[in-house]
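Dear colleague,

I am passing on the structure we spoke about, and I would be glad if you kept it open while reading the notes underneath.

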Amino acid sequence: MGNNERGKYLAKNTIIFTLGNLGTKLIQFFLVPLYTNVLSTADYGVVDLVTTIGMVLAPILLLNINDGVMRFALDKGADFNKIMSIGLAAFIFCLITGLVIFPIGNISNQLGNYSSYIYFYTISYAGNLLFFGYLRGTEKLLQFSIGNIINAMLIASFNIFFLVIIKTGIAGYFLSYTLANFICCIYAFIVGNVKEVILNFKLDKELMIKMLKYSVVLIPNTFMWWIINSSDRVMITSFIGNSANGIYAISCKIPTLLSTIVTIFNTAWSYSAIKENDSYDRDEYNNSVYNGLVMLSVVIGAAMMLVMKPFLAVYVSKMYYKAWMFTPYLVVGCVFLSIASFLGAYYTVNKDSKGFLYSSSVAAAINLALNYLLIPKIGIAGAALATAISYIAVFLYRAVDTKKYIFINVFSKKHLVSYILLMLIGCSMFIEGLMSYLLMIIIYIVILIIYKETWWMYVISLKQILENKLKK
């Protein structure tokens with residue numbers, strides 16, 4: 001694939017995923033003020049905890065077959081019917097085994113009243129993972145993105161109706177998400193032409209074993225990511241209470257936007273990485289893309305910290321404002337997670353699900369230990385710091401481990417200096433008054449100077465594209 005063609009392919013997929021993912025996240029992002037004004041910190045802590053449980057249970061009950069469906073469908077000459085037949089069988093398994101949520105949930109005093117919410121949210125989310133994963137695997141990427149937008153719009157509409165108009169509280173929150181997920185399952189079922197798979201249903205045992213070997217290894221990986229991303233919320237709830245978890249949940253919202261932006265690119269990149277795996281200039285091209293990604297992650301992360309305090313002052317109600325204190329740790333962590341996700345694409349290319357598992361296991365062990373040590377001593381800040389360190393651990397592990405597949409100049413001086421400057425901006429947030437903003441602005445300018453060649457190259461490329469379009 002030539003440079004123009006590979007550039008167009010990556011750009012096209014990035015635009016399509018941006019259309020669906022960024023639009024979706026922005027709608028959800030602007031729903032936060034609604035939640036913080038309608039739900040108390042304790043209520044928001046409960047919905048965050050239950051949602052977190054549902055999101056980790058779904059891929060486990062589904063045997064993570066959604067990832068197998070997506071990856072195996074991207075192979076040349078893939079038999080979509082056989083692949084999705086295995087996916088549907090796993091979904092039926094998920095529906096049945098998911099019923100254990102009710103007896104297990106009833107054992108817990110905190111979750112006993114929410115067993116039905118957990119079950120239906122989990123099942124609807126699992127359906128989305130499977131059917132949307134099939135759209136991605138068959139490269140119906142536009143339909144995939146449109147489905148994400150529909151999902152976000154439905155969630156927003158249902159939230160306004162259930163939370164603002166008829167005021168059903170926590171129940172309305174979960175009903176909004178569950179209904180939106182089920183409707184989008186139907187959409188993906190139709191546009192993915194899954195009806196034909198059902199009419200020609202066929203379980204290929206040999207293929208099923210291959211897919212399960214790839215997917216099942218990712219189940220403990222999913223659990224490890226639950227530990228990294230969510231065990232802190234369980235521990236905060238246990239050690240401090242639901243209100244503290246509600247505040248921490250808000251502090252996670254802004255940094256998540258950075259992850260979303262970069263994840264969009266990384267998702268598009270995974271398709272290019274598979275196609276470019278045998279190209280003669282693979283290493284050179286991959287390093288060029290990597291440099292651009294690091295620049296993007298650091299520049300956006302630094303900009304977020306620069307505006308964090310004034311933004312939160314108008315974005316959330318006063319009782320949530322102190323969430324800014326925990327965002328520097330999380331933004332720095334998300335920068336390293338974004339870069340680690342890029343490196344993780346090489347596990348996908350080589351169907352190395354064990355690479356995902358080992359890297360997440362190391363980070364999960366670090367996260368769990370630090371949460372246990374730090375939360376009782378320094379509270380919410382301990383959870384944020386533990387999360388950041390575990391994300392850095394994932395990055396370091398993959399930086400070393402993926403060298404067996406490709407050489408990426410991960411530890412260049414330019415990148416190392418930019419990481420230090422990023423952390424200095426985070427420290428500057430804790431200085432009072434104008435001096436804080438002055439320091440952050442100076443550091444930010446230095447970061448832009450460091451990456452001048454990289455971002456200027458993209459500006460020139462964009463200018464040339466626009467000029468060519470105008471000439472036509």
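What follows covers the salt bridges, the nonpolar core and one helix pair.

Please bear in mind that this is a predicted model, in which local features need pLDDT of at least 70 and side-chain atom pairs count only at pLDDT 80 or more, while totals for chains, interfaces and linings use all residues. Residues are numbered from 1 along each chain as its sequence is written, and side-chain values use heavy atoms, with hydrogens and water left out.

The structure contains 6 salt bridges, the term meaning a side-chain nitrogen of Lys or Arg within 4 Å of a carboxyl oxygen of Asp or Glu. One of them joins the side chains of Asp75 and Lys351, with N and O 2.6 Å apart. Because Asp75 sits in the loop between α3 and α4 and Lys351 in the loop between α14 and α15, this pair ties together parts that are 276 residues apart in sequence; helices here are DSSP runs of H or I with at least four residues, numbered from the N terminus. Asp75 has a relative accessible area of 25% and is partly exposed, as is Lys351 at 31% (buried is under 20%, exposed over 50%, partly exposed in between, with a 1.4 Å probe and protein chains only). Arg71 is linked with Asp75 and Lys351 in a network of salt bridges.

A salt bridge also forms between Lys404 and Asp352, at 3.6 Å from N to O. That pair links distant parts of the chain, 52 residues apart, with Lys404 in the loop between α16 and α17 and Asp352 in the loop between α14 and α15. Asp352 is buried, at 12% relative accessibility.

Turning to the interior, the largest nonpolar core has 144 residues, of which Tyr35, Met84, Tyr290, Leu343, Phe395 and Ile447 touch the most other members; such a core is a set of buried Ala, Val, Leu, Ile, Met, Phe, Trp, Tyr and Cys residues joined through side-chain atoms within 4.5 Å. Helix α13 (residues 282-315) gives the most to this core, with 16 residues. Leaving aside residues up to four places away in sequence, Phe395 touches Tyr290, Leu343 and Tyr419, among others, where contact means heavy atoms within 4.5 Å.

Lastly, in the helix pair, Asp43, Val46, Val47, Val50 and Thr51 of α2 meet Ile170, Tyr173 and Phe174 of α8.

With best wishes

Terms used. Helices (H or I, at least four residues) and strands (E, at least two) are DSSP runs, numbered from the N terminus.
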